[in-house]
Structure formats: C-alpha cells, structure tokens
Amino acid sequence: MTSFSNPLNTIKTLIAATSLVATSISFGANAELGYPEKEELKFGFIKLTDMAPIAIAYENGYFEDEGLYVTIEAQANWKVLLDGVIDGRLDGAHMLAGQPIAATIGYGTKAEIITPFSMDLNGNAITVSNEIWKEMKPNIPKMADGRPVHPIKADALKPVVEKYMDAGKPFNMGMVFPVSTHNYELRYWLAAGGIHPGFYAPHKGDTSGKIDAQALLSVTPPPQMPATLEAGTIYGYCVGEPWNQQAVFKGIGVPVVTDYEIWKNNPEKVFGITKAFAEKYPNTTIRLTRALIRAAMWLDEKSNVNRPAAVKILSQSNYVGADYEVIANSMTGTFEYEKGDVREVPDFNVFFRYNATYPYYSDAIWYLTQMRRWGQISDEQTDAWYAEVAKKVYRPDIYMAAVKSLIEEKMVPASEFSDLQGEDGYREPQTHFIDNIVYDGKKPNEYINKFTIGLKAKDKI
C-alpha cells in the first residue's frame, strides 16, 4: 500500500459519489458512523480459498476494531449457507455471486439478499480426468518445449465429447451450484468450443439444465470434486481452489484452463446479507464492510507479500483445511496445470486490485445475462429490467460509505480508491473473453444475441 496521505479533493469526490448512489437506507455521505447496533455476529463460508477476506478480517482483528464479535462457521453446501442467511441463523456469508441475484428474482428460494462487498476476482479452474486429458492432448497446439499452448479451448475437448456421444455414453461434468460462477464459466468455455451444455426450462418444471446438452452438468460440493472425479462419476469439473490443485497433487486430474483465461479478472464471490439486516443494522453493515475492505487490502498488499501468511491461516482445519502446499500452489502467484507444468499466474487470486471489492452493477448484469442465455430466466427482459435487478442486489452506496469513513479516519489511504471517483457502477466494455466477444453491461440484450450457442433475447424453450 502507499502512504496514508489524505488528499482533500479525493475525499470530497468520494463523498459526492457516496451521496449520488445513496438510497433510502441511511448510508448517505452526511451520516456519521455510529456504534454497531448488533455486535455479536455469525458468518458462514464454504471451504474455498476465496473466503480469505473473512478469515483475515477475523484473524487480523479488523472485525474487533469495528466493535464486532464474529463467529465464523463452515457450511455443508451452498444451499445450506443461503438458507442460513435467509432464516437468520447466519448474519452474513461468503456467497456465490449468483445466489443473491437468483434469490432476488425468485429463481430457487425467493428472498431479498444484497451485497455491499465483492470478495474477489478469478480463482476458479476447469479440471479433467487423466483419461480425458490423454484424449484431449493431441488436439492442443504445443510450444517449442513441448508444453501445451494456453489458453486451452474447449475445441480440444469437442472430439472427445462427440466420441462419447457416438458410443451412447453421457459425458458428465461437475459444477458447484446451478447459479454459481462455476456453472456459467464451465458453460461459457464449453459453448465457446462448440459443445452445448444444455438449457434450463423452469416454467416447464425442468431445472436440470440438460435440455439439448452434449455435456451433462450436475452439482457436486467443492471439497468432493476430486473424489467424484477419481471415482469416475464425472469426467471433469469447474471449481474454486484448492480443489483443482488437489487433483494435481493426488495425480487424478489435470486443470486445463483457469477462469482468468476464460474471462480476465472476472468477478467471483460476494459477501451476502439480507436487505432486512442492512435496514435494521446500518452501522453494523458499514462496519463489517470496512473490516472486509481492510482484509482485502492486506491480502493484495505490496504485490501479495502477505500471501504466505494468509495460506498458513487458510490451511487450518477451521478454514479451508487443505495442505499448505496445495493452497500455496495458486494463492502465491503460480498455478500448476499438468503435473510439473507450473506457470506464473500472479492474478489467479485477486482480492483488492482492479477495484475487486467494489460491487459493480455490470458484474451482476453479466450473471443475469448467463441466466437468460441458459434458460434460468425463461422470458425476454428489457435492458432496464437487468439494470433494476442489479441495483436491488449490488450496493455500492454501502461500500462507498464504508470507504469514505475509513479515509476520514485515516485508516486507509484515499489514493487506493482514486479509481472510484465518478464511478457509475458500470465497468467499461470488457474484451478479455476466451471467445473475444465484448461485454457491455449497459447493453445486456445486445450481448446475449452475440452468442452462437444459447438462447437469444427473444427465445423461449
């Protein structure tokens, strides 16, 4: 981090930005941050390395600095975690970005869940079994040293899937949840290589996601991915770390592509709370957001200098509980593909750089476009509808209130947030996708219509 300079103009601009996006909840620029209305909190998480901001905020005392006494509890799966937040057993949780969005539009469990904090960028990969890798490898161009050229596209997998189909064998793959980034990233990669991952049709009672599918995707909890692959139940999966590197260490599979290669600096998890919690406990909400921001900054500080210490914390059984070496393989700036093929990927896990913690409306809209593309949203929606849903769920007003107060108290340097001056909640059109399709969050229907495989804006199953 840079020195704790506190330029007056930057603060004024950030305060103005806060008031521009303020809503009916009292997170406006002039609200003085008071004591937390609720001090004892319980947060849930799934055993993945991207829960790190919660662990670091706890271990480094950032929650306590805010007057918050937090208990952190691993959850069995994403549904149990979401239900815990909805019924109040949990005050907040590490969530799949798609969960609060799906809950808000009523896909699955209907509930008003919001996020004031985006937890990270990147962090996932797609792994295939050793057998499938052997069949894919001849289809992949090689570098001068004999190693595969990356990124590896699903074009290399397509002949393998077709061979299985011709033999009447289903080509099964795993992802972690129907509205997970992993589901959409796996679908995106497959479809970009000409492999149809199937449609949903909830209006017909079909939530399997396998209509017209060439690759059949089903849910497997993250820690169970390697064992399920080893058992032969699935031939590949998309999951967060450390469960791709675990396959390498166990010698049972090969990660073929990271989500950084599918979509550079893609949004991943969020911290989710109910809208009712935020309304009832506005000071608590800002304070927990402040703690998470500080944790994210620590994780990325000075080109990841703190990552080894973070890995040591995450390797504890009460957090991720995988071996230090397995977690460090991706968390410290490298990633191992085929055994021994270790490559530099400094941004495999990003927690603060590139405005990673800011909850962009355009990130939420991307998830909605993929829900529509694959039929989870059954009917055509207007561009205005996409924007409206995003603004219900993603709450930059709360985030900016937290930032403003941290700067005013000289707890963080204003310079770290200078990129957010004048922010309207939409990233510039994004170009770094594996299929080179450009995404503009302000034009969701135009984006949906660009894809060869998937529903067009006006289509219905």
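Two strands count as paired if DSSP finds at least two bridges between them. Strands themselves are DSSP runs (E, at least two residues), numbered from the N terminus.

Welcome to the tour! This is a predicted model, in which local features need pLDDT of at least 70 and side-chain atom pairs count only at pLDDT 80 or more, while totals for chains, interfaces and linings use all residues. Residues are numbered from 1 along each chain as its sequence is written, and side-chain values use heavy atoms, leaving out hydrogens and water.

**Stop one: strand β7**

Select residues 171–175, which form β7. Four of these five residues are buried (under 20% relative accessible area, with a 1.4 Å probe and protein chains only), so the strand is largely enclosed by the rest of the structure.

Now add residues 215–219, strand β10: this strand runs parallel to β7, and five bridges join them. To see one spot where they meet, pick F171, which stands opposite A215 of β10.

Next, add β11, residues 236–240, which is also parallel to β7 and joined to it by two bridges. Here, look for G174 opposite Y237.

**Stop two: an open sheet**

Move on to the five strands ordered β2-β1-β3-β13-β4, an open sheet with mixed pairing. Select 69–74 (β2) and 113–118 (β4) to find its edges: each has a single partner strand, so one side of each is left without a neighbour in the sheet. Neighbouring strands here are turned by 30 degrees against each other on average, direction ignored, using axes that are lines fitted to C-alpha atoms.

Finish by selecting β13, residues 269–274, which pairs with β4 in the antiparallel sense over four bridges. I114 has I273 in β13 as its bridge partner.

Note on methods
Buried < 20%, exposed > 50% of the residue type's maximum accessible area, 1.4 Å probe, protein only. Axes fitted to C-alpha atoms, helices over the stretch in contact; angles between N-to-C directions.
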